[in-house]
Amino acid sequence: MGNFGKKNPMHSNWGSACSDSDWGFGSDSRFGDDSRFDRHSKFKKPCKVCKSHDDSVCDCNFKAPARQLAAPLNSDCVLVNSVVGSKAVQKVAEATLPFTAFTPVIPAGSTIGPVSVVPNLAGITRNTTIIRDKVVNIGLIPVTIMVTFTAPGSTTPATATLSTSLPFQEHTDFPGACPEDTVIEPALVVEGIFAQPGVPVIGTTGLVTTNAILVKIVLRTTITVIRPVIVDKHGGICDVNERRCETTTTPTTSTLPAP
C-alpha cells in the first residue's frame with residue numbers, strides 16, 4: 001500500500017490517512033463539529049474522510065459464497081422406503097439335551113432338581129430370508145445350563161453344566177412381501193425360559209429313554225418389511241423394481257451361513 005513513516009504508522013507516501021487529532025495529539029481543522037468522536041458523546045458519529053467531502057460509511061455486509069453442487073440434480077423425484085408391513089412376532093428356541101451331554105455326566109435315573117438357563121443375548125445369530133408373502137427367520141442363541149441332580153442311591157445333590165446353543169426358527173406370514181424387500185428387526189427380548197426333565201430321547205444305543213431335559217426359550221421381537229420406491233413431486237409412487245414379486249417355477253433353496 002504505502003511506505004509508512006517511522007514517527008506515525010498512519011503516515012504514508014500519499015499523506016496521512018488520519019490527522020494527529022485522531023491519534024490524540026490535538027485538533028484538526030479538516031474535521032468539523034460532526035467529527036467521528038464527539039467530546040460530549042461516547043458514540044461514533046459520521047465524519048468526512050480526510051481531504052474529501054464524502055461521508056465515511058463503513059457498513060460492511062460480508063456474505064459467504066454460495067455452495068456449488070458437484071453435479072446438478074437432473075430429477076425432482078426422491079427415493080424413499082415404503083413400509084410393506086410391521087408385526088410383533090415370537091420365536092421359540094429349544095432343544096432336548098441328553099444327560100450324557102452335561103459335565104459331569106448325569107447318571108441315568110437321577111432325580112433332577114432346579115435347572116438354571118442363562119442365555120447370552122449378545123451372541124445371538126440370526127439369518128433372515130424373505131420369500132413370497134413370508135419372512136423366514138433361523139438362528140441360534142448361546143446358553144449356559146446348570147442342572148442340580150441327585151444320583152440314584154445318593155443323598156447329596158450335585159451340579160452338572162453344559163454350554164451350548166439352542167436353535168430357533170420362525171416363518172411369519174407377510175402378505176405383499178417380496179424376495180427383494182428388506183427386513184428390519186430389533187434385538188430379541190426373552191419372554192420366558194422353561195426346562196422340562198424326563199423328556200424322551202433316543203440314546204446312544206438307539207433305545208428311547210427319558211434321561212434328557214427339554215430347554216425352551218420364548219423370544220419376542222418386531223419384524224418390519226420395507227421396500228425402496230420412487231416418489232415424484234405430485235406424490236405419485238412407483239417401485240424401483242416393478243418385477244420384484246415375480247416368482248420362478250422352482251422354489252429357491254437358501255443355504256444360510258453357520259454361526
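What share of the 259 residues in the protein chain is buried?

1. Buried residues come to 24% of the chain, where buried means under 20% relative accessible area, exposed over 50% and partly exposed in between, with a 1.4 Å probe and protein chains only. Keep in mind that this is a predicted model, where local features need pLDDT of at least 70, side-chain atom pairs count only at pLDDT 80 or more, and totals for chains, interfaces and linings use all residues. Residues are numbered from 1 along each chain as its sequence is written, and side-chain values use heavy atoms, leaving out hydrogens and water.

2. On to the fold: you'll find 13 strands and zero helices (DSSP runs numbered from the N terminus; E, at least two residues, for strands, and H or I, at least four, for helices).

3. Now the inside. The largest nonpolar core (buried Ala, Val, Leu, Ile, Met, Phe, Trp, Tyr and Cys joined through side-chain atoms within 4.5 Å) has 23 residues, and F102, I106, I141, I145, L166 and I217 touch the most other members. Two or more residues each come from β3 (78–98), β4 (111–119), β6 (134–150), β7 (158–173) and β12. Strand β6 gives the largest share, five residues.

4. Have a look at L166 too: leaving aside neighbours within four places in sequence, its contacts (heavy atoms within 4.5 Å) include A93, L140, I141, V215 and I217. A second, separate core has seven residues, among them V89, I130, V135 and I223.

5. Last, I230: this residue sits in strand β12, residues 212–231, and is partly exposed, with a relative accessible area of 31%.
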